[in-house]
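Hi everyone, thanks for coming. I'd like to walk you through one model this morning, so please have a look at the screen.

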Amino acid sequence: MGQQISDQTQLVLNKLPEKVAKHVTLVRESGSLTYEEFLGRVAELNDITAKVASGQEKHLLFEVQPGSDSSAFWKVVVRVVCTKINKSTGIVEASRIMNLYQFIQLYKDITSQASGVLAQSSTSEDPDENSSSVTSCQASLWMGRVKQLTDEEECCICMDGRADLILPCAHSFCQKCIDKWNKKTSWR
């Protein structure tokens, strides 16, 4: 009977618009993800980005934001910090904080793109062909994807406007709600 439900769910997913189907799949995947699997995916992304960036100047590093995973409700509150580091200088060039849903999206994007690049580089004997493939996976490009995912964050108050301010606790607010709050608290 469980298989019938799964088949029926897949039929429904196939009829949904692509963006909605992707969302449903990601939500379903995050629901069944264990904490150990999540940590494994963080480590896997670090391994993949290190392999792909082996001849490059910049590198991405993923880590769980300290304390964000200490609750029984870790799936809701966990945050993953993605940092772009210049390997030659050690300087952090950019940093973004993602929630679990955003992290899973990025994980899928990077693993699917990198698997093709790594497979091609291991079978190809032409160094120019390898460098053009690796260039398509530069840390800056992936950091752009992280920025795109985190910029899609909506205001946690009105749930309508795009977030203009994201606090370290990962709550995000649009300018309109910030202005309303400032007006209410300015008389004190």
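Before the first picture, a word on angles: axes are lines fitted to C-alpha atoms, for helices over the stretch in contact, and angles run from 0 to 180 degrees between N-to-C directions. With that in hand, H3 lies across E1 and E2 and runs at about 170° to E1. Please keep in mind that this is a predicted model.

Let's look at the sheet itself. It is open and built from three strands in the order E1-E2-E3, with antiparallel pairing. E1 and E3, which spans 92–99, are the edge strands, each pairing on one side only. From one strand to the next, the twist averages 20°. Between E1 and E2 there are seven bridges, again in the antiparallel sense. To give you one of the pairs, Val-64 has Val-80 in E2 as its bridge partner.

Now to the inside. Which residues touch the most other members of the largest nonpolar core? They are Phe-38, Phe-62 and Met-98, in a core of 26 residues. The elements that give two or more residues to this core are helices H3 (35–52), H5 (100–123) and H7 (139–151), together with strands E1 (58–64) and E2 (79–86). H5 supplies the largest share, seven residues.

Phe-62 is a good place to zoom in. Beyond its neighbours within four places in sequence, Phe-62 is in contact with Val-42, Leu-45, Asn-46, Thr-49, Val-80, Val-81, Cys-82, Met-98, Leu-106 and Ile-110. Apart from this large core lies another one, of five residues, including Cys-155, Phe-173, Cys-177 and Ile-178.

Some of you will have spotted the cysteines. Are Cys-82 and Cys-177 buried or exposed? Cys-82 is buried, at a relative accessible area of 0%, and Cys-177 is buried too, at 8%. As for disulfides, with a cut-off of 2.5 Å between cysteine sulfur atoms, the count comes to zero.

Last stop, a charged residue: Arg-41, which sits in helix H3. Why does Arg-41 count as buried? Its relative accessible area is 18%, and buried means under 20%, so Arg-41 falls inside that limit. Leaving aside neighbours within four places in sequence, Arg-41 is in contact with Glu-29, Leu-33, Phe-103 and Tyr-107. And to tie Arg-41 back to Phe-62: they are 21 residues apart along the chain, and their C-alpha atoms are separated by 9.8 Å.

That's my tour, and I'm happy to go back to any part of it.

Conventions:
Residues are numbered from 1 along each chain as its sequence is written. This is a predicted model: local features need pLDDT of at least 70, side-chain atom pairs count only at pLDDT 80 or more; totals for chains, interfaces and linings use all residues. Side-chain values use heavy atoms; hydrogens and water are left out. Buried means under 20% relative accessible area, exposed over 50%, partly exposed in between (1.4 Å probe, protein chains only). A nonpolar core is a set of buried Ala, Val, Leu, Ile, Met, Phe, Trp, Tyr and Cys residues joined through side-chain atoms within 4.5 Å. Helices (H or I, at least four residues) and strands (E, at least two) are DSSP runs, numbered from the N terminus. Contact means heavy atoms within 4.5 Å. Two strands pair if DSSP finds at least two bridges between them.
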